[in-house]
Amino acid sequence: MRRLLGDHVLQRLQQDTAGKLHQRLFRCLRAAIIEGVLPPKTRLPASRDLAKEIQVSRNTVLSAYEQLQAEGYLEARTGHGTWVSEQLPEAFLNTLQAKPTPGVIPSPHTHVLSQRCSELLGHASASPHQWGPFVPGVPDVTEFPHQIFNRIQSRLSREPDLNDLIYNSAGGSPALRSALTDYLRVARSVQCDINQIIITEGIHQALDLVTRALSDIGDRVWIEDPAYWGMRNTLRINGLDIHALPVDKDGIIPEQTPKHPPKLMFVTPSHQYPLGSHLSLPRRKQLLELARRYQSWIVEDDYDSEFRFSGKPYPSLQGLEPDAPVIYMGTFSKTIYPALRIGYLVVPKVLVQSFRILATELYRGGHLLEQKALAEFIREGHYEAHIRRMRLLYAKRRAYLVELIERYLGTEFLHEYNDTAGLHLVMKLPQSCDDVSVAQRALAHGVKVRPLSQYYMRSHAHAQRGLLIGFACVNEKDMLMAFGTLLECLKQSGIQPRTT
């Protein structure tokens, strides 16, 4: 702290050149206190030490300290040094707010943002509330076997491999890429080898890498409507022309003869986000045929396919045909926990080298120890066992939520595309209902649902009304209480629950 304060004071003294040295030092220290550089209850260096640090006489420092103490900014405690006062002089603070600092001209660049940034800020949707009932898409992070994973990490950290401590240009940990190759081949019918996998810091970075590598500003891209807001915002900041296509029970409805063919097609085939439908086989073949015809790339977001609670799992779109024009994306945010920030891409062989170089230039991959630990976690069978256990737990919680909706509202409030999969379901609301207001009212009471209408890009009148309700991170007892709160919020919007 002593050294840092000395550097700060020296910089300030160079900017404040009016008056005698002890007056300049007083102003510098006073500004540091007011601006929070020196917070209340901070102990200041001894006068002799600070004088030596900034190369002035001790009397100069003593004079500044004494004036600060006289005006109430410092307190001297016998035998305990000099401290910043807990309560600062209010009169000075009011004066400071009322009068601008003399000689300081506001910079014309202070609030100038790029057009892309301003547009993204206008569509920002990331919620500060990421835990509790009924946050959509969040796993129960308390149920993860942290002790097992931490034990693997601790063992690897004791004698780390040199290659795990430096920058990586190979697309991520070889151990994790190898484990993923085997896992994806069996669990998702993905056709790939270890060289085709690139580890990313989650889906958002994977989306950014794909769009930067394969599209230019102004290029047309297709997305589903409704769709994940995070994907839309990544496309916005990269300056792409987003064309939203409607979704039905068979998934995205592609244009057969598009006037402006897309460079990229973003889809969630296994479990459409957020409605829940599954991309049918005819639609899959249509997309593949269109991609080959127009030399486009399909980007398959397979964000939560591990959690299917009945029926057979749907294989990946990527593995449907040999050498399919598909880039496959996956993440561990839903199966382990979001803060792990590990996702991955499976890239066609023709793109591998370019993607790997671009990823290295843009992001400088790291977190290799965590990736290696995750690889061992998968190889030792812990990952598969965890998924099996969570699948049973989430199925139970989902069934309970469905039961509550049917009992208190009726089956007509369950969206027809809801599939027995994923970490959330959609509760339909009448088109006359303002789902945004309902969600805001629920949030004020600690219930965190999201309005379905905000996931649409097309006109607000076209958007379906509903609520995304996450069931994975809330147990049955808390779910019952939270659902009761949600019912009260629906009552205030004119929706009367059934009497049971």
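1. Two strands pair if DSSP finds at least two bridges between them. Helices (H or I, at least four residues) and strands (E, at least two) are DSSP runs, numbered from the N terminus. Strand 7 (264-267) and strand 8 (297-301) meet this rule: they pair in the parallel sense over 4 bridges. Within this pairing, Leu264 stands opposite Trp297 of strand 8.

2. The model is predicted: local features need pLDDT of at least 70, side-chain atom pairs count only at pLDDT 80 or more, and totals for chains, interfaces and linings use all residues. Residues are numbered from 1 along each chain as its sequence is written, and side-chain values use heavy atoms, with hydrogens and water left out.

3. Strands 7 and 8 belong to an open sheet of 8 strands, in the order 3-10-9-8-7-4-5-6, with mixed pairing. Its edge strands are strand 3 (197-200) and strand 6 (251-252), each of which pairs on one side only.

4. Is strand 9 (residues 326-331) buried or exposed? Buried means under 20% relative accessible area, exposed over 50%, and partly exposed in between (1.4 Å probe, protein chains only). In strand 9, 6 of the 6 residues are buried, so this strand is largely enclosed by the rest of the structure. Val326, Tyr328 and Gly330 point one way, while Ile327, Met329 and Thr331 point the other way, and all are buried.

5. Strand 9 has a partner on either side in the strand order 10-9-8. With strand 8 the pairing is parallel, over 4 bridges, and Ile327 of strand 9 is the bridge partner of Val299. With strand 10 (residues 343-346) there are also 4 bridges, but these two strands run antiparallel. Here Tyr328 stands opposite Val346.

6. Two helices lie across this sheet. Axes are lines fitted to C-alpha atoms, for helices over the stretch in contact (heavy atoms within 4.5 Å), and angles run from 0 to 180 degrees between N-to-C directions. Helix 10 lies across strands 4, 5 and 7, at about 165° to strand 4. Helix 11 (residues 281-294) lies across strands 4, 5, 6, 7, 8 and 9, at about 160° to strand 7.

7. Why is helix 10 (residues 229-237) described as largely enclosed by the rest of the structure? The reason is a count: 8 of its 9 residues are buried. Among them are Trp229, Met231, Asn233 and Leu235, as well as Arg232 and Arg236. The cover over the buried residues includes helix 6 (115-122), helix 9 (202-214), strand 4 (220-225), strand 5 (241-248), strand 7 and strand 12 (450-451). After the helix comes Gly239, with a positive phi near 70°.

8. A second open sheet has 3 strands in the order 11-13-12, with antiparallel pairing. Strand 11 (424-428) and strand 12 stand at the edges with a single partner strand each, so one side of each is left without a neighbour in the sheet. Strand 11 is joined to strand 13 (residues 466-470) by 5 bridges, and Leu425 stands opposite Ile469. Helix 14 (residues 382-408) packs on this sheet, touching strands 11 and 13, and its direction makes about 10° with that of strand 11. Helix 15 lies across strands 12 and 13, running at about 40° to strand 13.

9. Next come the empty spaces. On a 1 Å grid over the protein atoms alone, a cavity is a set of points where a 1.4 Å probe fits but cannot get out, and a pocket is an open set with protein on both sides within 12 Å along at least five of seven lines; lining residues have an atom within 4 Å of a point. Grid points are joined across faces, edges and corners, and a volume is the space filled by probe spheres set on the points.

10. The count comes to 3 cavities of 30 Å³ or more. The largest has a volume of about 110 Å³, and its lining includes Leu207, Tyr228, Met231, Val299 and Met329. Strands 7 and 8 each supply at least two residues of that lining. The second largest cavity has a volume of about 50 Å³, with Arg188, His271 and Tyr314 among its lining residues.

11. The largest pocket holds about 1100 Å³ of space. Of its 43 lining residues, Ser127, Gln130, Tyr228, Trp229 and Arg450 lie nearest its centre. Helix 15 (435-444) gives the most to this lining, with 4 residues.
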